[in-house]
There are 2 protein chains.
Amino acid sequence: MNQALPSLTLPGATLEHLRARCATCSMHQLCLPMGLDTADMDRLDQIIGRRRKIVRGGTLFRIGDPFGSLYAIRLGHFKTYQLNPDGAEQITGFQMAGELLGMDAISADRHHCNAIALEDSEVCEIPFASLQQLLVDMPTLLRHFHRMMSQEITREQGVMLLLGNMQATQRFAAFIVNLSSRYEARGYSPYVFQLRMSREEIGNYLGLTIESISRLLSKFKKEGLLRVSNREIELLNPAMLKAITAGTQSCD
Amino acid sequence: MNQALPSLTLPGATLEHLRARCATCSMHQLCLPMGLDTADMDRLDQIIGRRRKIVRGGTLFRIGDPFGSLYAIRLGHFKTYQLNPDGAEQITGFQMAGELLGMDAISADRHHCNAIALEDSEVCEIPFASLQQLLVDMPTLLRHFHRMMSQEITREQGVMLLLGNMQATQRFAAFIVNLSSRYEARGYSPYVFQLRMSREEIGNYLGLTIESISRLLSKFKKEGLLRVSNREIELLNPAMLKAITAGTQSCD
DNA sequence: CGTGAATTTGACTGACATCAACTCAGGTGG
DNA sequence: CCACCTGAGTTGATGTCAGTCAAATTCACG
């Protein structure tokens with residue numbers, strides 16, 4: 001039930017699958033529709049455009065940029081954010097290797113959010129025109145693409161639930177648990193990982209202030225739920241964190 | 001700039017287009033991809049499944065229901081909501097005639113939210129398997145379908161901005177302005193309309209309590225921004241409401 | 001090291017929630 | 001026709017969670 005912030009990880013996509021094509025640009029979810037044969041995979045690889053490196057703090061795309069491509073993250077982390085008319089940011093998501101960026105731009109041929117690299121990162125450009133061509137020929141890929149867009153809708157609904165319904169403690173626990181499960185799905189430790197984003201970015205995303213995030217980290221540390229060392233955190237009591245996320249445990 | 005809660009209205013879709021096919025089941029956006037010829041339109045009409053009437057308070061689909069069809073609203077209004085593990089609802093959207101329901105279910109072949117009619121309503125069932133078939137043959141429709149899914153992603157990002165960043169007054173103004181523009185796009189008065197949802201549902205959607213909504217209505221009434229009579233409201237100063245939505249006006 | 005940025009911690013404040021009492025609209029039955 | 005009932009909505013008093021402000025501390029990096 002901790003679907004609050006589902007990742008884009010595919011049901012059924014195993015690490016073996018991921019790693020099998022890891023050497024090529026296919027190390028992203030778009031290339032992992034189950035049931036694609038090797039020939040299809042190769043066709044898919046062929047339309048992948050150039051790779052692009054983005055330095056920490058660099059921009060992948062900006063609000064208003066004309067939409068030409070989707071981007072599959074090969075390496076690194078990104079944040080996407082909206083701008084209030086008054087200029088305030090609202091971070092709408094943190095994306096990691098294997099996830100797809102830019103799907104919100106299809107509707108109006110312009111990007112609707114800014115995408116910034118949280119660390120030195122690398123993406124594959126997937127020209128949308130070529131992709132559409134391919135979708136027509138490959139029903140399996142088409143279905144898969146629809147699943148990915150749908151999953152993004154579901155993810156955002158989870159964030160709405162979080163922002164509309166949860167208390168600060170619950171939001172923060174949900175955030176940690178979500179990151180944990182996404183790292184686990186990628187073959188990294190679900191218990192020890194680096195926060196790639198600042199306290200401020202976490203707070204912005206969760207609708208809280210930087211001070212609140214700091215206090216929550218201290219609180220979880222004091223209660224033995226987390227070990228915190230700068231941006232590295234360790235989940236000492238994942239079960240309790242999940243219970244807090246689910247709202248079944250009030251955490252004092 | 002009041003894109004806070006964009007509707008699914010198509011850029012370029014005119015009322016003439018809407019009304020031209022209004023007699024058939026095509027009175028929904030899926031059938032309005034610009035550039036479809038009549039033969040294509042007819043093919044599209046043919047795959048539309050049965051119409052379904054849903055009484056006020058009735059259920060269109062529930063979390064966990066197997067996914068078979070998308071639903072185009074012909075008549076009436078719906079709400080969709082998520083459930084917290086602890087049982088609390090979070091309304092994720094209000095949908096009106098011409099909008100499409102169920103896109104979040106594509107990812108996992110199960111619905112991820114509940115959809116309830118706010119009044120006696122009518123939908124067209126669009127079997128997803130048939131639609132997929134058609135998408136392969138009709139690239140224009142395919143592109144259009146992608147735009148619609150993308151627009152839903154964008155809409156939800158707008159709600160995240162609202163829930164994460166805005167004050168109560170600004171949220172509520174954004175809500176009113178959004179409804180207004182959606183009614184306008186449908187050919188109804190953007191100034192006078194009925195709220196189809198209760199104060200409680202508005203509050204739930206905006207992350208506020210029923211009392212706060214009541215107070216905001218009173219406040220806007222006192223300031224001459226709205227006329228309120230039960231569930232009917234009139235926008236007396238749309239410009240100011242938009243300014244409040246944009247955060248450029250603090251509204252005292 | 002030294003400097004500025006990021007983070008932490010504490011004291012205070014405020015916006016919205018909660019609790020409670022009241023009003024009103026609409027429906028029902030005598 | 002009206003008295004009553006019920007649920008939705010309004011209004012006021014009070015409480016609280018998280019925001020704001022300010023100062024101390026730690027970290028990152030030249």
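**View 1. L226 of chain B and its partner strand.** In this predicted model, L226(B) stands opposite L235(B), a residue of strand β11(B). The two strands concerned, β10(B) and β11(B), the latter formed by residues 232-235, pair in the antiparallel sense over 4 bridges. In general, the strands of a sheet pair through backbone hydrogen bonds, either parallel or antiparallel.

**View 2. The open sheet of chain B.** Three strands of chain B form an open sheet in the order β9-β11-β10, with antiparallel pairing. Its edge strands are β9 (192-194) and β10 (226-229) of chain B, each of which pairs on one side only. From one strand to the next, the twist averages 20°.

**View 3. Helix α5 of chain A.** Helix α5(A) comprises 18 residues, 168-185, and reaches 26 Å from its first C-alpha to its last. This span is close to the 26 Å expected at 1.5 Å a residue. The helix is mostly covered, with 14 of its 18 residues buried. After α5(A) comes G187(A), whose phi is positive, near 90°.

**View 4. N84 of chain A and its contacts with chain B.** N84(A) lies in the loop that runs between β4 (77-83) and β5 (89-96) of chain A. Is this residue, N84(A), buried or exposed? N84(A) has a relative accessible area of 3% and, because buried means under 20%, it counts as buried. When neighbours within four places in sequence are left aside, N84(A) is in contact with four residues of chain B, namely L161(B), N165(B), M166(B) and Q170(B).

**View 5. The protein surface near DNA strand D.** DNA strand D is surrounded by 16 residues, of which the closest are A168(A), S212(A), S214(B), R215(B) and S218(B). Helix α7 (210-222) of chain A and helix α7 (210-222) of chain B each supply at least two residues of the surface near this strand. The largest share, 4 residues, comes from α7(B).

**View 6. Polar contacts with DNA strand D.** Of the atoms of DNA strand D within 4 Å of the protein, 68% belong to sugar or phosphate, and the rest to bases. Which part of S218(B) lies 2.4 Å from a phosphate oxygen of the strand? It is an N or O atom in the side chain of S218(B). At G207(A), by contrast, a backbone N or O atom lies 3.4 Å from a phosphate oxygen of DNA strand D. A base oxygen of the strand is 3.0 Å from an N or O atom in the side chain of R215(A).

Conventions:
Residues are numbered from 1 along each chain as its sequence is written. Chains are lettered from A and ligands numbered from 1 in the order in which they are written. This is a predicted model: local features need pLDDT of at least 70, side-chain atom pairs count only at pLDDT 80 or more; totals for chains, interfaces and linings use all residues. Side-chain values use heavy atoms; hydrogens and water are left out. The expected span of a helix is 1.5 Å times one less than its number of residues. Buried means under 20% relative accessible area, exposed over 50%, partly exposed in between (1.4 Å probe, protein chains only). Two strands pair if DSSP finds at least two bridges between them. Axes are lines fitted to C-alpha atoms, for helices over the stretch in contact, and angles run from 0 to 180 degrees between N-to-C directions. Contact means heavy atoms within 4.5 Å. A residue is near a molecule or strand if one of its heavy atoms lies within 4 Å of it. A polar contact is a pair of N or O atoms within 3.5 Å; within protein, one must be able to donate a hydrogen and the other to accept it, and residues adjacent in sequence count only if both atoms are side-chain atoms.
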